Amino acid sequence: MSRLRAAASALLGRSGDPLAVTAPASLLEHARRGTAPLADGAAGAARTPALGIAVVVPAFRRGSGGHRAIADLVRGLERRGHRCSLWISDEERRHAGHAGAEVAAQFADCFGAIDGPVRVGFDRWEPVDVAVATGWQTVARVLLLEGAKARAYLVLDHEPEFYATSAEREWSAWTYRQGLHAIAASAWLAGLVGERYGAAVRAFEFGIDHDTYRPLDVARSDDRVLFYARAVTARRAVPLGLLALAELHRRRPGVTIALFGESRPLRPGFPAQDLGVLAPEALARAYAQATIGVVLSMTNPSLIGPEMLACGLPVVELDADATRAGFGGDGPMVLAPFHPLALADAIEQLLDDPSQRARRARQGLALAAGRTWSAAAAAVETGLREALTRSAASPPAP
């Protein structure tokens, strides 16, 4: 009889482990308690040379471009004399069962160390000048934190587009309407967040680690295509890229295709080298040896494309509003329509045209030279001081 029940449960879709449905608990806590009042002293803090900055980040995994950018920005702010701390809001319990010191060491191993403390949870929270939200999952928690003179929101992408119609999509859009001063990672993104959600916003551009990503004295192939195939990140359009590369392989079976960025093995359906997740130095070497880099961005452009350019690698990207705004229609990147054959055509034409590759490489090096983490940190600092000034000008909540 028990076997019959098990078979019936399986047919009814009731077999296996219970399905975990989770949401940030801070959303419910904020709904109950509301936003914590800001501390006094914002006007004076805005004029202080060294700010106390607490950056709240979601749980992380190796290879996260967003966490890497945050770590680079924090290091840039520290070099400018600011006192920074990083707080991991692990509401999905990805780091449960690990000691705080262990998680901090993992963060440093994945994204590089910062001078300030890295803490899991908020048991040791203390007053700061500015509390900074990052991913949408952190906004409700930052709104609940007491003792901050101002709050800001480091917006690295338009996160509602990460989701289908869903609760997560609605919650991520909600975060832009909570009055946080937004500091957005491109002029395109700043325009979108300001116009669509009415947020006060400051733009900056992602930097490049030029000590790592630079032209190297290694031989560059003339028939090697390198594709950023981080399939876990849907906005990187990996299925489209794989279709285009399958077509490229059909036309040009002698071209070597290499995939990178995904921790799990991929089955692309055509011969390809799977490089996995590479350390920065290995990435720079891969960029220096390839003929063409392919990275596809359906929202804010990836960090990967400019880093490829900094290594002298011509890049094929998607022709979208964000990429056109960031790189120009005839700039260092070849922008291709969202179509597998059009994307294959763009790659093939660049393979066939060494003079165009050389021109694009020169343009890319020139563009990359102006993108530094020092400049990015300076722009973010301006945004943090604006958040303090706005806080000082706003009357306290009744």
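## A walk through the fold

Start with the whole protein chain on screen: among its contacts between residues at least 6 apart in sequence, 69% join residues at least 24 apart. Keep in mind as you go that this is a predicted model.

**Stop 1: the whole chain.** Switch to cartoon and you'll have 15 helices and 13 strands to look at. The radius of gyration is 23 Å, close to the 21 Å that the globule rule gives for 398 residues, so the chain is as compact as a globular protein of that length. If you turn on the principal axes, the C-alpha trace spans about 70 × 70 × 40 Å along them.

**Stop 2: the surface.** Now show the accessible surface, which comes to about 18400 Å², with 52% of that belonging to carbon and sulfur atoms. Of the 398 residues, 50% count as buried. Colour by charge next: there are 44 positive and 42 negative side chains, and the centres of the two sets lie 3 Å apart.

**Stop 3: the largest nonpolar core.** Hide the surface and select Leu154, Phe204 and Leu384, the residues with the most contacts inside the largest nonpolar core, a set of 41 residues. Several elements give two or more residues to this core, including helix H3 (42–46), strand S1 (52–58), helix H4 (65–79), strand S5 (148–155) and helix H15 (373–393). Pick out H15 in its own colour: this helix gives the most to the core, with seven residues.

Which residues is leucine 154 in contact with, leaving aside its neighbours within four places in sequence? Show sticks for Ile70, Leu73, Val132, Ala133, Thr134, Ile183, Phe204 and Val380, and you have the list.

**Stop 4: another core.** Apart from the largest core lies another one, of 29 residues. To find it, select Phe122, Leu145, Leu189 and Ala190, which are among its members.

**Stop 5: arginine 235.** Last pick: go to the loop between strand S8 (224–228) and helix H9 (238–251), where arginine 235 is found. Its relative accessible area is 22%, and buried means under 20%, so arginine 235 counts as partly exposed.

What does arginine 235 touch, not counting residues up to four places away in sequence? Add sticks for Asp157, Phe162, Leu296, Ser297, Met298 and Thr299. Then draw a C-alpha to C-alpha distance from arginine 235 to glutamate 161: the two are 74 residues apart in sequence and 8.1 Å apart in space.

Terms used: Residues are numbered from 1 along each chain as its sequence is written. This is a predicted model: local features need pLDDT of at least 70, side-chain atom pairs count only at pLDDT 80 or more; totals for chains, interfaces and linings use all residues. Side-chain values use heavy atoms; hydrogens and water are left out. Helices (H or I, at least four residues) and strands (E, at least two) are DSSP runs, numbered from the N terminus. The radius of gyration is taken over C-alpha atoms; the globule rule is 2.2 Å times the number of residues to the power 0.38. Buried means under 20% relative accessible area, exposed over 50%, partly exposed in between (1.4 Å probe, protein chains only). Contact means heavy atoms within 4.5 Å. Accessible areas come from the Shrake-Rupley method with a 1.4 Å probe; for residues, only the protein chains shown count as cover. Lys and Arg count as positive and Asp and Glu as negative; His and the chain ends are not counted. The place of a charge is taken as NZ of Lys, CZ of Arg, CG of Asp or CD of Glu. A nonpolar core is a set of buried Ala, Val, Leu, Ile, Met, Phe, Trp, Tyr and Cys residues joined through side-chain atoms within 4.5 Å.
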